[in-house]
Each structure stands twice: as structure tokens, then as C-alpha cells.
Amino acid sequence: MSTNFYSSPKNESGRKQKSNLFAVACLLISSLAVVILVTLLATILISGSSWLSWEFLTGVHKEDNPEGSGIGQAVTGSALICLLCAAVAIPIGIGTAIFLEEFQPRNKFLRWLHGLVQLNISNLAGVPSIVYGILGLTTFVYLFNLMPSIQVNKPIPWEIGGIHFYQTKTLGRTFVKFPAGDREETTIKLTQNEMCIDGDGNEFELKLVDKRSDAPKDPELRKGFALRGRSASRLTERSPWYFHLPLGRSLLSAALTLALVILPIVIISSQEAIRAVPRSIREAAFGMGATRWQVVRKTVLPAATPGIMTGAILSMSRAIGEAAPVLAVMGGVLGTTRGIQSLMDQTPVLPVTIYQWAGDENAGFENASSAAIIVLLVVLLIMNSVAILIRNRYEKKLA
Amino acid sequence: MSSSAASENGGPDYVRPNFPVKSSARSHRNQAIMVTLLTCCALVTLGTTIGIIYMLIKESMGFFASEDIDLWTFLTGTTWSVGRTQGKFEYGVWPLLSGTLRITVIAMALALPLGLVTAIYLSEYAPKGVRAILKPTLEILAGIPTVVLGFFAVKFITPNILSHLGDFKTFNAAAAGIAVGILCIPLVASLAEDALRAVPRTLREGAYGLGSTKLETTLKVIVPAALSGIISAFLLAVARAIGETMVVALAAGSSPTFTADPRVPSQTMTGFIVHTFKSESVVPGTPGYYSIYAVAALLFLITFGITLVGQIVRARYREVYN
């Protein structure tokens, strides 16, 4: 092989030609990435852009009606989960990065801990996100099954801020609810008249009839009647501070799970930002007699903030696009009738909505799915641009 | 109150001030509190790992503890029908494992050469203008959510490309493999580019000085010198492809098949897990439910092993130039 280095000048033009050919081939192959990206964006724009409208952005998912469906709840859900996830992952991530970068210990045990944490982070970054999903399911949703929660149709062991009702449909096709006496029962059969509350909060007596024909014909009056033997299901009215343990299939569980998913990325990017702060800054502060923590708080962290912010925003954009862990923790929920009342509620998020709609047999949801993808990509684009802006603005100041 | 605040707290010795300084007892107490808090932060990541391993072992044992389930059948069986309401309960993992392998092989056949060539081009050839287009393109491609790529596979790759090539089903392994390959290209390209760039200039200049062309320098000097970095990039991409979930859940279908045919639907390990969660058909506490953990444990073992090998390759076989 190495004889090529000493080959005679005779075949030099041939070798040069080969080299140039290779350069052209490289260019062509590399531009495939551009072609793929353009095709992908074009496909999605063509099938989804006509679907975008204000109604789509604010609406909710409707079964069998793709035209009327929207992503309002999904956008709210994604935003809430992303904020919660940031509030958990970013402080812990920065803390770990400071621990690893600034507090190089002399103590033997702490030094061992340092090495272990560092090795562990690079391994965690390679764990598939669905495994994190299962971890979230086991840890947050079921709390390692420490409380008897995994048994189906059992009341939640520990909760505050919730009031229980049974809910049923009247012959007038409206929903009424009445206080639940027994927490063990998730559904009951209507056997006697009940004191009910209608949608406006008025109390009245729900009368039971044996046959539909026994009820009055007037739709207004029929709202006070229900069929005997109909079932009513339990419903919990939740105040904003409603909380229960285990966390169940809730948006808090999903946010905590996503926080674990992005934690390694936050840590690695924060470490890089902290490492980029010049030594001289630290040494000047030490020279003033500051303790190590004072040095970190007063000089290193302010200097590293732009870099940390960039990394944090980029990892948030990763969290907002993740579907698998959310699907594992909250299930494939597409919408709730009540909306989000507390952190303990299930909520749809954008990627899961896209996944469910893309796999729907009703072909109309295909377009709704690409419209939702456009919204998601626009959000990601904005987040990435902000990150790049921050990076460019502050990059050169310290160097 | 000491004269050597910095060194006491693990600072470099040479900044020890030799004059009285004013770091008060309070600032030392603050520091002690903060160090404790920071250590707690660092322990979260260790807790995560312990949590993953504990949960996978415990719940998988719940699966194999059942009387009519044994590890051997799980690892060697070739029929998988778990979580179905009717029919027999069979739990041979090979259909899922072969589905994962099939899609990974297709994805790597696409991503490894393309990613490597792109990396070579970016590091050795690309003029500034092309680089200014190619680099952001790769970054955007890397940031595209995987569920979007899955959608792209079902709605574009299968109907517009594969359907002209043969009898491909709506859901097939090939489309999923191509989409997974697409999402691995930026990963391979950026990691391999880092490795190529780390090769010092002197090596290039030496090769040119001997009269090599650019192609010869690249293929015979630079790529071999960066080989450990390139291989570890490849291994990371393989691990990523094996653990990829949303693309295969959308594009590969949901029937576990034990075949090598890329045209038929197949289910991967991750695909099985997601389909189970999506349908919520499996009741917690049943063997079907525990099978999720058994599959996840296998998945974790495989990806963890590959990541670990990648780290070892990078650390041990790295050529150090100075």
C-alpha cells in the first residue's frame, strides 16, 4: 500500500484524477442529507399546511372527526410538561456539572464518586428513552408498587385536594354528578333517586324510570331523568393543588420521567460550558481570598451562563419532541373532556398526538398529523434559533 | 479564617495567598452546605442507574418466577404472542430480536457509509460555503423528533420509493430501517468528524510531503489514525438504532415475525413495548405485563453493552499524538 507514496510521476495524473473524482463523490453523497431534509419538510408542508387554522391550534381531539380535531390540549400539555421538566432537570444538571468540574476532591471516597458519576453519565446518555419510560412507570406511576396501587380499580391510597362524585348521563343527554359515598366503588348501578348537581351547579333530584317512554317528552324535563340500572362512574373533582401518591398516570410523572431522559444531556453541556471558562478568572478570584464556592457563584457561573442556557434550551427541545417515555408513562391519551385541572391529570402532548393520528385508520387524521408536525417543528425551530442566538452573542466575550 | 482557603477546599496549591484573607467562618459554612447539595445532585444520576437496574431485575424475576415461563424458552423461542387476548401465550423473544436486528442492519447499511463519507468531506474537503449549508442541515436533521421521521417513513418512503421496487407491505422493516438510518447519519457524521479533526496537521503534511494525493492522505493516513474514534461513533449509532422506538412503532408494523424478509411487517423489542402501552390492553400484574420488563431488560443489556464497548474502544485504542 505504502508504495503509492513513492510511485513514479508517470501515473501522477491518474492518481490526481482519482482524488478529484473522490472529492466530487464525497460532495454528492454528503448533499444527500440536504436532499433528505428538503424532501421531508416538503412532504409535511404539502400534506399539512392547508390543515392549519386557528380552530386547529385551539381545538381538541374528536373521535372520527379529523376535520374538527385540534391540538389545543396537546400544546398546553407539551408546554406544561416541558416547563416542569426544565424546573427539575436544569438545577440538578447544573449542580452535577459544578460538582464534577469545580470540586475535584482530594478525599479518596469523593474522588471515587467523581469517577463513578462521570462514567455513569456517559452510560446513561446511551440508554434508550423507552427504558426511561418504563423506569418512570415503575417509579413515579406505581412507586415500585410500595402502595397497593397496581391492583386495578382500587382507590388511590393517599391524596389531598380532591372531591369524589359519581357521574352519569341523563335522558336529556346531559351529564350530572352526585357525591360518592364509598371510595372503594369505581362504578355503581343506579337503583334509587339521587340528589344531583347539574353542569351549572344547581342541586335537584334525579328521578329514575324503568323505560325511556316513561320519561316526559320535553328535552328540558328529561334532563332530570335517568334509566334505572344505568351505571355511573366515579370522578374526582380536582383543585389546582390536588396531589396523590403514587403519582399515577399524570403529567407530573411524565415531566419527571422526561427530566431523567434529558439530565445526562444537560449535565454534559453544562460541563462543557463550565470548562470553557478560562482558568485566569478563577485564579483571580482565589487570589482575592474567596472560597471555592464563592469563586463558582460569583465568577464561574455568570461566565458560563450563556453556554449553560444554550445547552438547556437544546435539551428542552429534545424533551418536547420525545414521545416514547410519555407514551409509556401516560398511555396514548388523546384528549380529556375536563381539560387540565391539576398536575395529577392525564394530558395529551404533541408527539404522542402525532403518533396516534399518524397510525389512525381514518385517513383524514394523516393530514391533521402533518399539521401537528408543522407546529412541533416550528416550536423546535424557534427554540433552536434562540439557542444559537445566545451562543453567537456571548461566545467571543471571554476568549 | 485560614491563610490557605483555596487549598483547603481542593484548590490548586499555587493560588494559596500568603497574606491574611477574609473568608469568614460563614462563607465556609455556606460552602459546606453547597458541597452537600451539589453531591446530592450528582447522586440523582447514580440513583437513576440503580433504579433502572433494580427495576429491570426485580420485575423480570416476576416474569420468570411464573411456573410455566422459563428463561431458556424466552431466549431461544421463535414465537411471540404476548398480550393478545385470545390464543396461546408464547414468549420466545426471537421474533422481536430478529426484527430489531433486521432494522438495525438496514439502518447501519445506510448510516455508516453515508455518515463516514459526510464526515470525511466535512473535515477534509468542504469549502467554507458548502460547510455553512451542510453543518446546519445535519444539526436540523439531528433535532427532528423521531416520531416525525416515523411519519415520513410511512407516508413517503414506503409509497413513493419502496412501492416501486417490489412488493412492500404498508408497514415494513425496510422503510423503518431507512428512517432509522436517516436519524443516525448526523450522529455518525458529527462524531466521526470530531475524530478526524483530532488527527494532527503534521500527519497530513507529512503525507503530502511524500507526494500523496488528497485521497491517499485521507484513506491511508487520516482515517486509520482516527479509526478508534470512528469505530466508537459506529457503535454509538448501532446502540441508538437498537433503542430507537417511535420510528419502528410507526413504520415497522405490529406483528412479530421471524424472517429475514425486509418487505413484511415486523416488530422490534421497543416496538412491542410501545404497542403494549398504546393499547393499554395488558393488565398490570399479569405475565403479559411483566414481559415488558423482560424485553426491556434484554434491550438495556444489549445497548448498555454496546455503549460500554464503544467507550473502551475509544479509551484504549486511541492514538495519542503530541
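Colleague: Let's start with Asp261(B), at 21% relative accessibility: does that count as buried, partly exposed or exposed?
Modeller: Happy to, keeping in mind that this is a predicted model. Buried would need a value under 20% and exposed one over 50%. With 21%, Asp261(B) counts as partly exposed.

Colleague: Which residue forms a salt bridge with Asp261(B)?
Modeller: The closest N and O atoms of this pair are 3.2 Å apart, and a salt bridge asks for them to be within 4 Å. The partner counts as partly exposed, at 33% relative accessibility. Its name is Arg263(B).

Colleague: Over in chain A, how many residues apart in sequence are the parts tied together by Asp210(A) and Arg228(A)?
Modeller: Their side chains meet in a salt bridge, 3.0 Å from N to O. Asp210(A) lies in the loop between strand S5 and helix H7 of chain A, and Arg228(A) in the loop between strands S6 and S7, so the pair joins parts whose separation in sequence is 18 residues.

Colleague: And which of those two, Asp210(A) or Arg228(A), is exposed?
Modeller: Arg228(A) has a relative accessible area of 40%, which makes it partly exposed. The other residue has 54%, and exposed means over 50%, so the name you want is Asp210(A).

Colleague: Back to chain B: Lys135(B) and Glu193(B) meet in a salt bridge, but how many residues apart are they?
Modeller: The bridge spans 2.9 Å from N to O. It links distant parts of the chain, with Lys135(B) in helix H5 and Glu193(B) in helix H7, and the separation is 58 residues.

Colleague: Is Glu193(B) buried or exposed?
Modeller: Its partner Lys135(B) is partly exposed, at 26% relative accessibility. Glu193(B) itself has a relative accessible area of 1%, and anything under 20% falls in one class, so Glu193(B) is buried.

Colleague: Which residues are linked with Lys135(B) and Glu193(B) in a network of salt bridges?
Modeller: Lys135(B) and Glu193(B) pair directly. The network takes in two arginines as well, Arg131(B) and Arg197(B).

Colleague: H7(B) also packs against H10(B); are they roughly parallel or antiparallel?
Modeller: Their axes lie 9 Å apart, at an angle of about 160°. Angles over 145 degrees fall in one class, so H7(B) and H10(B) are roughly antiparallel.

Colleague: How many residues of the contact of H7(B) with H10(B) are nonpolar?
Modeller: H7(B) contributes residues including Leu183(B), Leu187(B) and Leu191(B), while among those from H10(B) are Ile230(B), Phe234(B) and Arg240(B). The contact has 1 polar and 1 charged residue, and the nonpolar ones number 15.

Definitions and conventions: Residues are numbered from 1 along each chain as its sequence is written. Chains are lettered from A and ligands numbered from 1 in the order in which they are written. This is a predicted model: local features need pLDDT of at least 70, side-chain atom pairs count only at pLDDT 80 or more; totals for chains, interfaces and linings use all residues. Side-chain values use heavy atoms; hydrogens and water are left out. Helices (H or I, at least four residues) and strands (E, at least two) are DSSP runs, numbered from the N terminus. Buried means under 20% relative accessible area, exposed over 50%, partly exposed in between (1.4 Å probe, protein chains only). Axes are lines fitted to C-alpha atoms, for helices over the stretch in contact, and angles run from 0 to 180 degrees between N-to-C directions. Angles under 35 degrees count as roughly parallel, over 145 as roughly antiparallel, 65 to 115 as roughly perpendicular and the rest as oblique. Contact means heavy atoms within 4.5 Å. Ala, Val, Leu, Ile, Met, Phe, Trp, Tyr, Cys and Pro count as nonpolar, Asp, Glu, Lys and Arg as charged, and the others, Gly among them, as polar.
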